[in-house]
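Biologist: Could you walk me through the disulfides in this one? I'd like a close look at that part and nothing else.

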Amino acid sequence: MCASVKYSSRGPALIPRMKTKHRIYYIALFSVVLLGLIATGMFQFWPHSIESTADWSADRRSVHDSPLVRLPVSSPIPERGDLSCRMHTCFDVYRCGYNPKNRIKVYIYPLQRYVDELGAPISSTGLSREYNELLSAISDSKFYTDDVTRACLFIPSIDVLNQNSLRIRETAQALAMLPRWDRGMNHLLFNMLPGGPPDYNTALDVPRDRALLAGGGFSTWTYRQGYDVSIPVYSPLSAEVDLPEKPPGPRHYFILSSQTAIHREYRAELERLKSENGEAVLILDKCSNLSQGVPSARKRCYKGQLYDYPQILQESSFCVVLRGARLGQAALSDVLQAGCVPVIIADSYILPFSEVLDWKRGSVVIPEDKLPEMYTILKSISQRQVEEMQRQARWFWEAYFRSMKAIAMATLQIINDRIYPYAARSYEQWNDPPVVKWSSVNSPLFLPLIPPRSPGFTAVVLTYDRIESLFRVITEISKVPSLAKLLVVWNNQNKSPPEESQWPKITVPLKVVRTKENKLSNRFFPYDEIETEAVLAIDDDIIMLTSDELQFGYEVWREFPDRLVGYPGRLHLWDHEMGKWKYESEWTNEVSMVLTGAAFYHKYFNYLYTYKMPGDIKNWVDAHMNCEDIAMNFLVANITGKAPIKVTPRKKFKCPECTAIDGLSLDQTHMVERSECINKFASVFGTMPLKVVEHRADPVLYKDDFPEKLKSFPNIGSL
């Protein structure tokens with residue numbers, strides 16, 4: 001008992017003595033581990049270079065406050081420039097790496113003042129307002145990073161926009177001193193006014209080695225295709241003059257020339273054109289007797305008559321843009337802003353952003369030796385095409401020319417598209433103006449999902465009083481496995497629909513909706529009874545389609561729920577003799593429309609057709625009792641930018657028992673009215689949204705010599 005008590009009393013006494021003995025050791029070990037973790041974290045997250053802490057901001061930093069860098073005479077000079085450079089030889093794409101947003105990261109060097117050994121600056125102007133705006137736009141953009149270690153592209157804060165203000169050798173030395181220069185690899189320079197007297201080179205004369213050049217006056221001799229970026233020469237008038245958009249249409253003058261410093265031979269040729277064509281041509285020059293204080297850049301004259309510039313450009317259909325001492329001219333930007341179609345006469349000139357912009361849609365390019373024929377060439381262009389080009393010209397300016405920000409963003413996007421081609425902007429995104437903007441409407445169609453097969457589709461049959469044909473259509477449609485509901489739109493206010501007992505007995509719900517007025521647009525009303533996503537619009541005389549053809553059409557629509565998927569195909573063509581669009585129903589190799597007498601589409605388009613159709617198109621359709629199908633094709637193509645999909649190769653689409661009295665489409669005036677509809681709708685939409693395709697959708701084994709029982713859709717194509 002005593003031993004037990006003695007052991008118990010000693011046990012607790014030993015533990016404190018052990019803690020005291022090792023306390024210092026444990027505290028020291030813990031401190032070392034903690035300090036190691038802290039040091040590791042600081043090394044991991046602390047900026048690895050002082051450059052990464054230099055957040056570029058022209059708004060917060062003045063050139064005069066920036067650090068001074070003195071260039072020794074012996075400073076190295078980059079190589080002249082490698083004309084063989086391409087993205088795969090002179091650009092390190094691995095620096096860009098993969099990122100989920102498929103977006104390059106752009107770093108702007110901190111602002112510094114460069115002077116020679118005597119203290120003279122390398123530029124007579126320092127940082128220009130335009131370059132300041134450009135760098136500010138980039139620093140505020142989605143491309144910018146202030147972490148130099150993450151950068152894919154480097155932009156010097158050395159302003160080389162205007163070569164006239166630069167000391168060539170010293171500017172090159174300043175570039176070579178940049179910490180990440182590495183022979184110019186992954187560096188981008190912006191220059192709008194290259195060369196100088198007397199030869200005016202078409203690319204920047206500053207030696208730049210492998211650096212990319214965004215240049216405003218490239219020729220085919222100096223432009224490194226797929227590497228350099230041709231940019232516009234910015235016009236300061238874009239910021240100074242508010243020039244409201246003028247609707248496309250005929251103008252007071254046919255051809256106008258407003259440039260002042262053009263070669264005397266060109267001016268003599270222009271004067272000859274005016275003498276031959278009179279008031280249709282206006283040739284302006286600089287004014288010699290302006291009042292004091294009136295800016296000469298804002299005025300033009302012709303024989304003593306004064307004109308406001310650039311406002312006068314809006315009074316002409318075509319505006320001449322001739323080469324001057326440099327190929328790139330700021331007049332191009334002024335002309336586009338005015339919505340005047342530029343007539344570009346500058347051999348070998350690389351047009352701005354020509355890598356992505358389709359200049360044929362918004363300009364006319366004429367060789368210099370064809371200047372005497374300019375009037376005849378332009379007269380061969382139809383008025384409708386001129387109006388399309390006027391609209392496109394103005395949109396090019398708004399999207400890519402109007403500011404230094406627009407120019408910078410387009411340049412970076414082009415480079416981004418080269419590095420991430422699988423995520424590049426499409427031709428349509430670069431070139432198609434957003435003509436119709438649907439406010440407060442969000443389309444549910446463009447999701448990476450295929451609509452499920454289980455809900456099926458709702459067939460909407462528009463009818464008037466063809467009872468026998470209607471019942472046959474209902475009977476045939478009811479055989480389609482994916483039919484979920486059948487909705488009959490009864491468009492006859494003078495006659496009641498048949499009694500319920502007379503209707504065909506089918507296995508899916510059948511609903512009859514009576515309309516208040518006989519309108520073709522009733523077929524596209526967003527009825528509450530339509531509960532499926534897919535809608536089959538079908539006429540009451542389409543009795544020739546088989547259940548296999550209808551089921552296959554639905555399966556195709558499930559793959560392309562944002563398209564019109566139909567059976568009878570039609571085409572729109574431009575009639576050069578008449579100068580307008582025409583409707584073509586003959587069997588051709590091309591399709592731009594599918595008739596909604598038998599077509600699948602998403603029910604969302606019913607809402608757009610009824611409530612968001614532009615202009616008076618819906619009223620036009622109802623008044624003329626025609627063209628509701630063309631209107632729906634215009635609507636879907638304009639929203640999606642995509643062509644319809646034609647299914648099955650059926651060539652004959654007519655009701656064998658219908659007469660000319662019964663069928664609207666059999667009237668002799670039908671083709672003329674349909675052509676009028678196309679021209680009317682194109683005018684309202686402000687463009688021609690229809691897309692032409694040369695393909696259709698057929699089942700995989702449709703033409704193969706296999707037993708019918710092996711085919712999913714055996715009953716397709718029989719006439």
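Which cysteine forms a disulfide with cysteine 319, and how far apart are their sulfur atoms?

Modeller: Bear in mind that this is a predicted model. Cysteine 319 pairs up with cysteine 340, and the two sulfur atoms sit 2.1 Å apart. The turn about that S-S bond is 105°, which makes the link of cysteine 319 and cysteine 340 right-handed. The pair ties together distant parts of the chain, 21 residues apart: cysteine 319 belongs to strand β12 (residues 316-322), while cysteine 340 lies in the loop between α7 (331-337) and β13 (341-345). As for accessibility, cysteine 319 and cysteine 340 are both buried.

That link has company, since searching the whole structure turns up five disulfides. One of them joins cysteine 85 and cysteine 90, with 2.0 Å between the sulfur atoms. Here the angle about the S-S bond is -80°, so you'd call the link of cysteine 85 and cysteine 90 left-handed. Cysteine 85 is buried, and cysteine 90 is too.

Another of the five runs from cysteine 96 to cysteine 152, at 1.7 Å from S to S. This pair also links distant parts of the chain, with the two positions 56 residues apart in numbering: cysteine 96 is in the loop between α2 (87-90) and β2 (106-108), and cysteine 152 is in the loop between α3 (129-139) and β4 (153-155). Both ends, cysteine 96 and cysteine 152, are buried.

How values were computed. Residues numbered from 1 in each chain as written. Predicted model: local features only at pLDDT ≥ 70, side-chain atom pairs only at ≥ 80, totals over all residues. Heavy atoms only, no water. Disulfide = S-S within 2.5 Å. Buried < 20%, exposed > 50% of the residue type's maximum accessible area, 1.4 Å probe, protein only. Helix = DSSP H or I, 4+ residues; strand = E, 2+ residues; numbered from the N terminus.
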